[in-house]
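This briefing goes through one predicted model, moving from the overall fold to selected helix contacts, cores, charged pairs and individual residues.

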Amino acid sequence: MSLGTGRPIVLRDENSIRHCRLLLSHPMASPTDVRLIAQVELIAQKTQIYETLAPLGGQVNHSTLSFIRRANVALDKWWADCDELHRQTMDQDSLLRKILAGELHYAKLWVVCVALRGVAWDKMPFEQRELAFQAKDAASNCLSIFLTSPEYRAALRYAVHDSLVTAAFSGLFLLKMASLFPAELDLGAIIGQVEQLAQLLSEVAAERYALALRIMLANLRRKVGMITGIDAPAPTMPPPTFAQEMIVSPSFIDPSMPPPFTMEELGFAWPAERGIFSPSAIPVWLQEQVREDTSI
């Protein structure tokens, strides 16, 4: 997470890090130490990637594209090597192997986000657009693992915030891409995937992440004129307790803000006469007028 927020990098490519697999040959090594090794090696790779791409400020040329291709090849090799280590003691559907696969796709999403940081999305040349669409595929693949693995779904209830951020950011990136390029993407597939993720996060008591997804989903539907289908099941889940503090009177009007969302638009069961979601409660970075900002 520090790599994504610009904080100083603590772990660097030192000899003690480069040879961390020696730990696995220690007499007291445990089967799950492969997880630690995979994390250390991934962070070491991401450190090199970040230190190369971050100073470019979103400038993408042939040299940048070549570096990103090499970085993706290196990430694929990292995954293959570490998956082989996991395979020695774990089956194909084990939680740690699913986590490893999810980290591969998220790392590829992260690489592009670092490369495009500061880019004007409405003026992207072909090369930058291609990178953005590659990242879209990586985000979708990442979410597929979260949503299709029973082991991963069950473990999310006990997940640390890093795992929840991984899932939520992948969903938010998909929605941002859908908002920016609605004619070039399958909006129904993206919305369906993110709706499933929001429901899953609600089920594992990660409603603050789920609410951010619900707000962006409602924003996207309004922008493209996509109304929830008449055959869609009616919402049955009430808004979380903290969200109830953001509800205002149905007669609320603020000319400086976009029309407020109904609870139904956000996927909650809530009588209309009891109030609507206050626009001022929406974080600035999720509001419609800034969703096409340059940062990711």
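Read from one end of the sequence to the other, the chain follows the pattern α-α-α-α-α-α-α-α-α-α-α-β-β, which comes to eleven helices and two strands. The chain has 296 residues, of which 45% count as buried. Among the contacts with a separation of 6 or more, 73% are between residues 24 or more positions apart. The model is a predicted one, and the points below should be read with that in mind.

**Helix 3 against helix 4**

- The axes of helix 3 and helix 4, the latter spanning residues 62–87, come within 10 Å of each other and cross at roughly 175°; because the cut-off for a roughly antiparallel pair is an angle over 145 degrees, helix 3 counts as roughly antiparallel to helix 4.
- On the side of helix 3 the contact is made by Val34, Arg35, Ala38, Glu41, Leu42, Gln45, Gln48, Ile49, Thr52 and Leu53, while helix 4 contributes Thr64, Phe67, Ile68, Ala71, Ala74, Leu75, Trp78, Cys82, Leu85 and His86.
- By residue class, the contact of helix 3 with helix 4 divides into 13 nonpolar, five polar and two charged residues.

**Nonpolar cores**

- The largest nonpolar core holds 73 residues, and those that touch the most other members are Leu53, Leu109, Trp121, Phe173, Met177, Phe181 and Leu201.
- At least two residues of this core are supplied by each of helix 3, helix 4, helix 5, helix 6, helix 8 (161–180), helix 9 (187–203) and helix 10 (207–224), and the largest share, 14 residues, comes from helix 5.
- Another core, of five residues, lies apart from the largest one, and its members include Cys20, Ile37, Val40 and Ala44.
- Leu53 appears in both pictures, being one of the residues of helix 3 in the contact with helix 4 and one of those that touch the most other members of the largest core.

**Salt bridges**

- Side chains of opposite charge can pair when their charged atoms come close. In this model the count comes to twelve salt bridges, of which three are described here in turn.
- Arg21 forms a salt bridge with Glu41, with the closest N and O atoms 2.7 Å apart. The pair links distant parts of the chain, since Arg21 lies in the loop between helix 2 (15–18) and helix 3 (33–53) whereas Glu41 lies in helix 3, 20 residues apart. Arg21 counts as partly exposed at 33% relative accessibility, whereas Glu41, at 15%, counts as buried.
- The salt bridge of Arg21 and Glu41 does not stand by itself, as Arg21, Glu41, Lys77 and Asp81 are linked in a network of salt bridges.
- Arg35 forms a salt bridge with Glu103, the closest N and O atoms being 2.8 Å apart. This pair also links distant parts of the chain, with Arg35 in helix 3 and Glu103 in helix 5 (residues 95–115), 68 residues apart. Arg35 is partly exposed, with a relative accessible area of 21%, while Glu103, with a value of 16%, is buried.
- Lys136 forms a salt bridge with Asp137, and the closest N and O atoms are 2.8 Å apart. Here Lys136 is the buried partner, with a relative accessible area of 17%, and Asp137 is partly exposed, with a relative accessible area of 40%.
- Arg35 and Glu41, each described above as a salt-bridge partner, also belong to the contact of helix 3 with helix 4.

**Two buried residues and their surroundings**

- Met124 sits in the loop between helix 5 and helix 6 (126–148), and with a relative accessible area of 9% Met124 is buried.
- Not counting residues up to four places away in sequence, Met124 touches Val119, Arg129, Ala132 and Phe181; of these, Phe181 is also one of the residues that touch the most other members of the largest nonpolar core.
- The C-alpha atoms of Met124 and Val60 are separated by 9.9 Å, although the two residues are 64 residues apart along the chain.
- Thr166 has its place in helix 8 and is buried, with a relative accessible area of 13%.
- Leaving aside its neighbours within four places in sequence, Thr166 is in contact with Tyr106, Cys142 and Phe146.

Notes
Residues numbered from 1 in each chain as written. Predicted model: local features only at pLDDT ≥ 70, side-chain atom pairs only at ≥ 80, totals over all residues. Heavy atoms only, no water. Salt bridge = Lys/Arg side-chain N within 4 Å of Asp/Glu carboxyl O. Helix = DSSP H or I, 4+ residues; strand = E, 2+ residues; numbered from the N terminus. Buried < 20%, exposed > 50% of the residue type's maximum accessible area, 1.4 Å probe, protein only. Axes fitted to C-alpha atoms, helices over the stretch in contact; angles between N-to-C directions. Parallel < 35°, antiparallel > 145°, perpendicular 65-115°, else oblique. Contact = heavy atoms within 4.5 Å. Nonpolar A, V, L, I, M, F, W, Y, C, P; charged D, E, K, R; others polar. Core = buried A, V, L, I, M, F, W, Y, C linked by side-chain atoms within 4.5 Å.
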